[in-house]
Amino acid sequence: MEAHLNQEQSSSTDAELQTKLLPDNHRGDHVRKGGLRTMPFIIVNVTFEGIASYGLMMNMIFYLIQVYHMEAVTASTVYYIWSALFHGLSVFGGFIADAYLGRFRVISIGSFVGFLGMSFLWMTTMVPQLTPSASSCQEASTRCSPPTLTQLGFLFASLGLISIGTGCIRPCSLAFGADQLKHHNNQRLIDSYFNWYFASFAFSAIIASTVVVYIQDHFGWQIGFVVPVFVIFCAALVFVLGSPLYVKVKVNESPFSGFGQVLINAFRNRKIHLLPAKCYNHSNDMDRLEPTDNLRFLNKACVVRDASIGSSSPNSCSDPTVEKVESLKSLIQIIPIWSSGILVYTIILQSFPILQAEKMNRNIVSWFQIPAASFNLFMRLTVTIWIPFYDRILVPFLAKFTHEPHGINPKTRMGVGLIFLIMAMVVSAIVETVRRDLANSNPSVDMSAMWLVPQYALLGLTEAFSGIGQLEFYYSELPKSMSSFAMAAFMVSSAIASLIASLLANIVDSVTGQGGNVSWLSSDINYGHGDYYYWLICFLCLLNFFYYLICCRVHRSFSSESRLSHVVDEEVSGSNEDKL
């Protein structure tokens, strides 16, 4: 019984600590605005933006090769850099939203910039002067003319605008939707919103990889690229139409401003010995919050040197506040767990399964064959099917035993996702071993590509558990003034994963191909050893899982110190009030 009360006290303390980092204007009376009626506008905006963006990404490498006459290596490099920029600029969007313009304005601007970038890209299919001449490729004896600097500049500008638009929409839309639900004081409702938000991404990827790709393959680039333009226009229009209903949180001060000053002041005051009676600088527009004991050396940044003057002195105004120090601590504390999630998307972005599918029997019936690149659809379908089942059936069932509104807490959910990732790599290695042996022993018989479905399904479960778990974890750990940065952190891991995926493949190819040996990742996978490559990744996943467990243990110790410090401060404060 006592342990249960302590657990309730700890959870209430965590909630109170997060609430004290929440700006006052965020706690206003928003009863007349927001709520579930705003969700269709936000989810439609996110889904349509995903359909437009993913619809362009799916076939972009073929567009670069066929229209811009790039070599496969060059086109892959351009694609990976664009993919990294596509996800990495979410940091820029989240920073601008949380620091200066607010989420509504940034999403609106991002929708317009994305529409502009996709329109420019569509123009490259309509204006012959914007692409290399196709007539130079008609003669076999001559090489296709390369693109000019002007043509490349226009192409890269359009891709850059698309990346900026996505970087503004995606990190802000998650937090903006949560803003509409906060006045309900229903954490279960917000958790459900996270699940459906993630499902909308999976749904948009399904539509993009089927409908949009089909249009591009069968009707050409001109019609295939105008579809994303129309879809992103609808996304912007629907979002703006919901403007009168939205709760629009105003930005008072950048949550990121002063982080550098915190580190500088902590270094300058490094010789100060912290005592319980130390006077700390507090923000005037927030509830009083005492510094926690985790990362205690940073507390020296907000010490007021002349305690007799108090926190209202001119000298203390230039010093970082306790709230700013605690915000920086929250950001630092999520970095280890955040880093453990990069490998998940490094593996999801690998293109080797497409090469496997190309060598296998992809016929469902005699007259229909699944495109090799479309097998990714099974992963998205798994996510789309699993999330409603988890949200509506499994979470209420698990909550009865765990007393968690999430069903299981976010860190456990991420850990389950990493276990599914290891299982996916084991299955992938076994399937590739059987496929390769069969291809070399009996070339006339092709193994059915449907044997790839289990590994894609396991990768879908990995993304459903690990991806949503990351979003919930970031959102719960960071101060509410940094909510947009939660989605940005998630997308930055995808950006880094894009670069690591390319780097890992190149390293394995160069190392295993030395001395005239056949590379594991040979273009002819029947002579390579993709199974060895999968076992290598499986080993890396196992190491990453143990690394994740260590990160969780470190984070738990930080959280315990934070709660203990906060409880002690409350007891001391209560004792002083009793004496008065």
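This report describes the helices, salt bridges, polar contacts and nonpolar cores of one predicted model.

**Overall make-up**

The chain holds 18 helices and two strands, and of its 580 residues 52% count as buried. Among the contacts that join residues at least 6 apart in sequence, 83% link residues at least 24 apart.

**Helix α11**

Helix α11 covers residues 322-340, and its 19 residues reach 29 Å from the first C-alpha to the last, which is close to the 27 Å expected at 1.5 Å a residue. A kink of about 30° is found in α11 at Ile334, shortly before the proline Pro336. The helix is mostly covered, with 15 of its 19 residues buried. Two charged residues of this helix, Glu326 and Lys329, are discussed with the salt bridges below.

**Salt bridges**

Over the whole structure, a search finds six salt bridges. In general terms, side chains of opposite charge can pair when their charged atoms come close. Three of the bridges are set out here.

| Salt bridge | Closest N to O distance |
|---|---|
| Glu49 and Arg170 | 3.0 Å |
| Glu326 and Lys329 | 3.1 Å |
| Arg435 and Glu432 | 2.9 Å |

What does the salt bridge between Glu49 and Arg170 tie together? Glu49 belongs to helix α2 (residues 39-58) and Arg170 to helix α7 (residues 149-181), so this pair ties together parts that are 121 residues apart in sequence. Glu49 counts as buried because its relative accessibility is 1%, under the 20% limit, and Arg170, at 2% relative accessibility, counts as buried too.

The other two bridges in the table each lie within one helix. Glu326 and Lys329 are three residues apart in α11, so about one helical turn separates them. Arg435 and Glu432 are likewise three residues apart, about one turn, in helix α15 (residues 410-441). An α-helix has 3.6 residues a turn, so residues three or four places apart point the same way. Glu326 is buried, with a relative accessible area of 6%, and Lys329 is buried with a value of 1%. In α15, both Arg435 and Glu432 are buried.

**Buried polar residues**

Thr124 lies in helix α6 (residues 103-126) and counts as buried at 2% relative accessibility. Its side chain takes part in two listed approaches: a polar contact with the side chain of Tyr63 at 2.8 Å, and a reach of 2.4 Å to the backbone oxygen of Leu121. Leaving aside residues up to four places away in sequence, Thr124 touches Tyr63, Tyr68, Leu130, Thr131 and Phe154.

Gln455 is part of helix α16 (residues 453-477) and is also counted as buried, at 2% relative accessibility. The side chain of Gln455 makes a polar contact with that of Ser428 at 3.4 Å. When residues up to four places away in sequence are not counted, Gln455 touches Pro353, Gln356, Ala424, Val427, Ser428, Val431 and Tyr534.

**Leu155 and its contacts**

Leu155 is found in helix α7, the helix that also holds Arg170. Is Leu155 buried or exposed? With a relative accessible area of 0%, Leu155 is buried. Its contacts, not counting residues up to four places away in sequence, are with Leu64, Tyr68, Met70 and Leu121. Leu64 is 91 residues from Leu155 along the chain, and their C-alpha atoms are separated by 9.8 Å. Tyr68 appears among the contacts of Leu155 and also among those of Thr124.

**Nonpolar cores**

In soluble globular proteins, nonpolar side chains tend to be buried together. The largest nonpolar core of this model has 108 residues, of which Tyr193, Phe198, Ile347, Met425, Leu459 and Cys541 touch the most other members. Phe198, one of these, touches Tyr345, Val383, Ile387, Glu463, Gly467, Ile468, Leu471 and Phe490, residues up to four places away in sequence being left out. A second core, separate from the largest, has 27 residues, including Ile51, Met60, Phe86 and Phe225.

Definitions and conventions
Residues numbered from 1 in each chain as written. Predicted model: local features only at pLDDT ≥ 70, side-chain atom pairs only at ≥ 80, totals over all residues. Heavy atoms only, no water. Helix = DSSP H or I, 4+ residues; strand = E, 2+ residues; numbered from the N terminus. Expected span 1.5 Å × (residues − 1). Bend = angle between axes of the 7 residues up to and from the residue. Buried < 20%, exposed > 50% of the residue type's maximum accessible area, 1.4 Å probe, protein only. Salt bridge = Lys/Arg side-chain N within 4 Å of Asp/Glu carboxyl O. Polar contact = N/O pair within 3.5 Å; in protein donor to acceptor, adjacent residues only side chain to side chain. Contact = heavy atoms within 4.5 Å. Core = buried A, V, L, I, M, F, W, Y, C linked by side-chain atoms within 4.5 Å.
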